[in-house]
Amino acid sequence: MTGAQHPALVCALLYARLAKWDDAHQIAHGVLKLLKQPLTRYQAWCLLAQCADATNLGDATAAECMQAAANE
């Protein structure tokens, strides 16, 4: 399974849909620690950028996450 098909990432996306940004962030961060599939990592980085934007962590943080996604 890759990308948004991965169960952990689906869980993180559901938390994001429910606006539980801290939970979504923790799960996406855990996905990055454990998995090496580029598409899954790309999706996790994009979700981290979305979490950063939603929690007002700043445009710089969101931009860093999107740059990391592009590097995957």
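Here are a few notes on this predicted model, working from its core out to its loops.

1. A good place to start is the largest nonpolar core, which has 17 residues. The members that touch the most other members are Leu9, Ala16, Ala28, Ala44, Leu47, Leu48 and Cys51. Helices H1 (7-17), H2 (21-34), H3 (38-54) and H4 (59-71) each give two or more residues to this core. H3 supplies the largest share, six residues. As general background, nonpolar side chains tend to be buried together in soluble globular proteins.

2. If you would like one residue to click on, try Leu48. Apart from its neighbours within four places in sequence, Leu48 is in contact with His25, Ala28, His29, Leu32 and Cys65. Two of these partners, Ala28 and Leu32, are also among the buried residues of H2.

3. Next, the length of H2. The helix has 14 residues, and at 1.5 Å a residue it should span 20 Å. The C-alpha atoms at its ends are 20 Å apart, so the expected span and the model agree.

4. H2 also has two sides worth viewing. Its buried residues are Trp21, Ala24, Ala28, Val31 and Leu32. Looking down the helix axis, you will find these within an arc of 100 degrees, so they line one face of H2. The buried residues pack against H1 and H3. On the other side of H2, the exposed residues are Asp22, Gln26, Lys33 and Leu34. Note that Leu34 is exposed, whereas Leu32 is buried.

5. Now for the backbone in two loops. Most residues other than glycine have a negative phi. Ala19 is not a glycine, yet its phi is positive, at about 60 degrees. Ala19 sits in the loop between H1 and H2, and with a relative accessible area of 47% it is partly exposed.

6. Asn56 is another non-glycine residue with a positive phi, near 60 degrees. This residue belongs to the loop between H3 and H4. Asn56 has 69% relative accessibility, and because the cut-off for exposed is over 50%, it counts as exposed.

7. Finally, have a look at His6, in the segment before H1. Its relative accessibility is 18%, and because buried means under 20%, His6 counts as buried. The His6 side chain reaches the backbone nitrogen of Ala8 at 3.1 Å.

Methods:
Residues are numbered from 1 along each chain as its sequence is written. This is a predicted model: local features need pLDDT of at least 70, side-chain atom pairs count only at pLDDT 80 or more; totals for chains, interfaces and linings use all residues. Side-chain values use heavy atoms; hydrogens and water are left out. A nonpolar core is a set of buried Ala, Val, Leu, Ile, Met, Phe, Trp, Tyr and Cys residues joined through side-chain atoms within 4.5 Å. Buried means under 20% relative accessible area, exposed over 50%, partly exposed in between (1.4 Å probe, protein chains only). Helices (H or I, at least four residues) and strands (E, at least two) are DSSP runs, numbered from the N terminus. Contact means heavy atoms within 4.5 Å. The expected span of a helix is 1.5 Å times one less than its number of residues. The arc is that of the directions from the helix axis to the C-beta atoms. A polar contact is a pair of N or O atoms within 3.5 Å; within protein, one must be able to donate a hydrogen and the other to accept it, and residues adjacent in sequence count only if both atoms are side-chain atoms.
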